[in-house]
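User: Please take me through this model. I have some short questions about its strands, loops and pocket.

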Amino acid sequence: MLVSEILRIKGNALFTAPPDGTVLDAVKTMAQLNIGSLVVMDHGQMLGMLTFAEVLEALDKRQGTLGDLKVSEIYVRDPVIATPGLEVMELRRVMLERHQRYVPVQEGRTLLGVISFHDVAKAVYEEQSFENRMLKSYIKSWPDEETA
């Protein structure tokens, strides 16, 4: 299975935050949309990712307050980036190794979407469930030695 297949199924809606926006506004957006990341964009270009991990770290460092903290002060500037042709199992390996829960998908300089670890886990689960059903069906249809 390829990354492009996950994007096709889940859709490619992008939720963004400007680098000069406040982290508090970004948190409100993430909470309202029930998402764990925002793509930090400036003039149509992806600068990086803001995830709940960076927000929690900022809250810890600032004794539980965000105040006027800007997105530009905490976002990840060099996130792992996937291409549409990447195998999902390879993406899963990279996400595990780099502890990345959200990965933007780019083709050249075009941002196509963001895939979460949940999206990857769901795709792998569904693919394996399908294969299991096919194998069970094949085994059930195998001729019985006594009747053959």
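Analyst: Some notes on the model come before the questions. This is a predicted model, where local features need pLDDT of at least 70, side-chain atom pairs count only at pLDDT 80 or more, and totals for chains, interfaces and linings use all residues. Residues are numbered from 1 along each chain as its sequence is written, and side-chain values use heavy atoms, with hydrogens and water left out.

User: Which strands are the edge strands of the open sheet with the order 1-2-3?

Analyst: Strands are DSSP E runs of at least two residues, and helices are H or I runs of at least four, numbered from the N terminus. Two strands pair if DSSP finds at least two bridges between them. The open sheet has three strands with mixed pairing. Pairing on one side only marks its edges, strand 1 (16-17) and strand 3.

User: Which residue is the bridge partner of Ala17 in strand 2?

Analyst: Strand 1 and strand 2 are joined by two bridges, in the parallel sense. Ala17 has its partner in strand 2, and that partner is Val40.

User: At what angle to strand 2 does helix 2 run?

Analyst: Helix 2 lies across both strand 2 and strand 3. Axes are lines fitted to C-alpha atoms, for helices over the stretch in contact (heavy atoms within 4.5 Å). Angles run from 0 to 180 degrees between N-to-C directions. For helix 2 and strand 2 the value is about 130°.

User: Is Ser37 buried or exposed?

Analyst: Ser37 lies in strand 2 (residues 37-42). Beyond neighbours within four places in sequence, its contacts include Met30, Tyr102 and Val114. The cut-offs are under 20% relative accessible area for buried, over 50% for exposed and partly exposed in between (1.4 Å probe, protein chains only). At a relative accessible area of 9%, Ser37 is buried.

User: What is the phi of Asn34?

Analyst: Most residues other than glycine have a negative phi. Asn34 is not a glycine, yet its phi is positive. The residue is found in the loop between helix 2 (23-33) and strand 2, and counts as exposed at 71% relative accessibility. Its phi is about 55°.

User: And what is the phi of His43?

Analyst: His43 sits in the loop between strand 2 and strand 3 (45-51). With a relative accessible area of 77%, His43 is exposed. It is not a glycine, but its phi is positive, at about 50°.

User: Which residue stands opposite Val103 in strand 5?

Analyst: Strand 4 (residues 102-107) and strand 5 run antiparallel, joined by six bridges. They form a hairpin with two residues between them, and Gly108 in the turn has a positive phi of about 65°. Strand 5 (residues 110-116) is mostly covered, with five of its seven residues buried. Opposite Val103 stands Ile115.

User: Which element gives the largest share of the lining of the largest pocket?

Analyst: A pocket is an open set of points on a 1 Å grid over the protein atoms alone, where a 1.4 Å probe fits, with protein on both sides within 12 Å along at least five of seven lines; lining residues have an atom within 4 Å of a point. The largest pocket holds about 260 Å³ of space, a volume filled by probe spheres set on points joined across faces, edges and corners. Of its 15 lining residues, the closest to the centre are Lys10, Ala13, Phe15, Ile35 and Val114. The largest share, three residues, comes from strand 5.
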